[in-house]
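Hi,

Here is the structure I promised to pass on. Have a look at it first, and then read on for what turned up.

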Amino acid sequence: MAEEVILGYLQNHDEISDSGQFATDHGLDHSDVVNVIKSLHGFRYVDAQDIKRETDVLTEEGEKYAEQGSPEVQLFLAVPAEGSILKEELQKLVDPAVFKIGCSQAAKNKWVQMGNQISRKVQHVEDRIKDLLLQIRDGQEIDTGDKKSLKARKLIAVHTRLVSLVVLVFTTCDLCSRTWKGYSVRKGPDYAPIRRRTATDLTREYLQGGDWRNIEFKEYNFSAKGPPPEAFIAHKFIFTRLEVWVKERLKDIFRLMNFEEMPTNRYVESSFWNFDALFQPQQHPARDSHDTFFLKAPETTKQLPEDYVELVKRVHESGGYGSRGYGYDWKREEANKNLLRTHTTAISSRMLYAVAQLAKQQSFTPKRYFSIDRVFRNEAVDRTHLAEFHQIEGLVCDRGLTLGHLIGVLQDFFSRLGMDKLKFKPAYNPYTEPSMEIFSYHKGLGKWVEIGNSGMFRPEMLRPMGFSEDVNVIAWGLSLERPTMILYGIDNIRELFGHKVDLALVKRNPLCLIGIQ
Ligand code: PHE
């Protein structure tokens, strides 16, 4: 279909200047058009030139809100549904930057009553900003007015230039800006309005039917190279095994560092272990169905350790152990909801609870634990995000641990992975304090790239489990895909798994060579 349209069009026109526009004008799918163009180009029916267009990209701040929700919604959710909250109290619940922007936007939207005491004016709000940012990240067009306001808030950077490939290839990198790719097309040296069908083999039917007289045979290519057989086998082996293989290497690293593996054989988790036990408030945007896959059946968990649940409820509502808690009405129904675990920290919380219980009965034994397994987030799938991915998580539970220990362990761990240039940036997690984002220097991109998140678990998480005050836990988590992408120069997450896997990857990378042995 697309082929006839393209060849037919070129019969009367000099050029298809933009395959994207052409696809829209003719009601065709752009990826079909691109595939046909590639094939016609290969057979010299057409000459095709790449064109790339930069599309809007989210700024770092925009990315953050796309993940965590807009500041106004984050702020709104931190304001109790009933009654009011002191401004100073509210300030403690949210990130300082979020607080400032959140207050002014939420007041502008007439969502909250500002003053010394802050209260809600409406009961429910929609996160339009987050939705718009997700649409842009998805490559969708949005209303120009909306675009303007996102630009004014510096949440997106707008480029609409049409640029030729030659210029662009040296000036942008796929990880930092999003590019749309298409073709401009002209007639090629072997152009014909209808593709000639060429036969590759002389068959019995051709001979018997006499068709062999009229059929055009494909020329034999004597200089074509066949695939080297042994390399081909290795490719096949590796790309189906890449995920397993990287996992095994990481497990080796952890084991060399004396870490024990945690049992991760449960994709379905209760909100309790995934969030509540981690002191993540029930209004937190990550607990929204926009971010988390909740289960319909079975909708709720059957069993939770009741005494512990009571302590978790108390720490959320009114604090304890030197904390004021969040000061909201903790609801059991929220904690009961089943979900697909959003992080492997859910496993860590279960394990730590078990360690604390054992410590109560016997004596406390320091532990080093790790896990590598699948987690799920309700995200728009694009080149750097998947709705499911693998997380690597490590933790050390011992007396008297400090941030220095955490930095030391991270440096040890990452240097064993081949990433020895690390930087840390203060961050926020509901369950860790202090928290640090981990950055690694990417030689290819020539910049620092975020590779993980870490911190010291809060007393609000550890003390209700039953740990004594002197026991600390340092922990970190990262996606398996991120360091693999950085280490092996893959810029699109979908190239790692599935049909887009690049076979040449195997040849280029030392990882694969060791893998064959
Ligand atoms: N759970 C965090 C995430 O999903 C990672 C993390 C683990 C952060 C442990 C701090 C401590 O990104």
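A small one to begin with: which residue follows α4, and is its phi positive or negative? It's glycine 69, with a positive phi near 95 degrees. Before going further, please keep in mind that this is a predicted model.

**Overview**

The chain has 517 residues, and 31% of them count as buried. Along it there are 21 helices and 20 strands. If you take the contacts between residues at least 6 apart in sequence, 70% of them join residues at least 24 apart.

**Helix α4**

Back to the helix we started with. α4 spans residues 60-68, and its buried residues are Gly62, Tyr65 and Ala66. Looking down the axis of α4, these buried residues fall within an arc of 105 degrees, so they line one face of the helix. What do they pack against? Their partners are two strands, β3 (57-58) and β7 (156-157), and two helices, α5 (71-78) and α8 (128-137).

**The sheets**

One open sheet has seven strands, in the order β12-β15-β16-β20-β19-β18-β17, and its pairing is mixed. At its edges are β12 (260-261) and β17 (422-429), each of which pairs on one side only.

Going through some of the pairs inside that sheet:

- β15 (residues 367-376) and β16 (residues 388-399) run antiparallel and are joined by ten bridges. Phenylalanine 376 stands opposite glutamate 388 of β16.
- β18 (residues 432-442) and β19 are antiparallel too, with nine bridges between them. Here phenylalanine 439 is opposite glutamate 450 in β19. The hairpin of β18 and β19 has four residues between the strands, and glycine 446 takes a positive phi there, near 65 degrees.
- β19 and β20 run antiparallel with four bridges, and serine 454 faces tryptophan 476 in β20.

There is also an open sheet of three strands, in the order β4-β6-β5, with antiparallel pairing. Its edge strands are β4 (84-86) and β5 (112-113), each pairing on one side only. Two bridges hold β5 to β6 (residues 117-120) in the antiparallel sense, and one partnership is that of glutamine 113 with serine 119 in β6.

**Around the ligand**

This is probably the part you'll want to open up in your viewer. Which residues are around the ligand? They are His343, Thr345, Glu393, Asn429, Thr432, Asn453, Ser454, Gly455, Ala475, Trp476 and Gly477. By class, that shell divides into eight polar residues, two nonpolar and one charged. Strands β19 (447-457) and β20 (471-479) each supply at least two residues of the shell. Ser454 and Trp476, both listed around the ligand, are also the pair that stand opposite each other across β19 and β20.

**The cores**

The largest nonpolar core has 52 residues, and Val473 and Ile474 touch the most other members. Setting aside neighbours within four places in sequence, valine 473 is in contact with Leu352, Leu395, Val396, Cys397, Met456, Phe457 and Leu462. Apart from that core lies another one of 16 residues, including Leu10, Ala23, Tyr45 and Ile51.

That's everything from my side. Over to you!

How values were computed: Residues are numbered from 1 along each chain as its sequence is written. This is a predicted model: local features need pLDDT of at least 70, side-chain atom pairs count only at pLDDT 80 or more; totals for chains, interfaces and linings use all residues. A residue is near a molecule or strand if its C-beta atom, placed from the backbone, lies within 6 Å of it. Ala, Val, Leu, Ile, Met, Phe, Trp, Tyr, Cys and Pro count as nonpolar, Asp, Glu, Lys and Arg as charged, and the others, Gly among them, as polar. A residue is buried if 20 or more other C-beta atoms lie within 10 Å of its own, exposed if 12 or fewer, and partly exposed in between; C-beta atoms are placed from the backbone. The arc is that of the directions from the helix axis to the C-beta atoms. Two residues are in contact if their C-beta atoms, placed from the backbone, lie within 7 Å. A nonpolar core is a set of buried Ala, Val, Leu, Ile, Met, Phe, Trp, Tyr and Cys residues joined through C-beta atoms within 7 Å. Two strands pair if DSSP finds at least two bridges between them.
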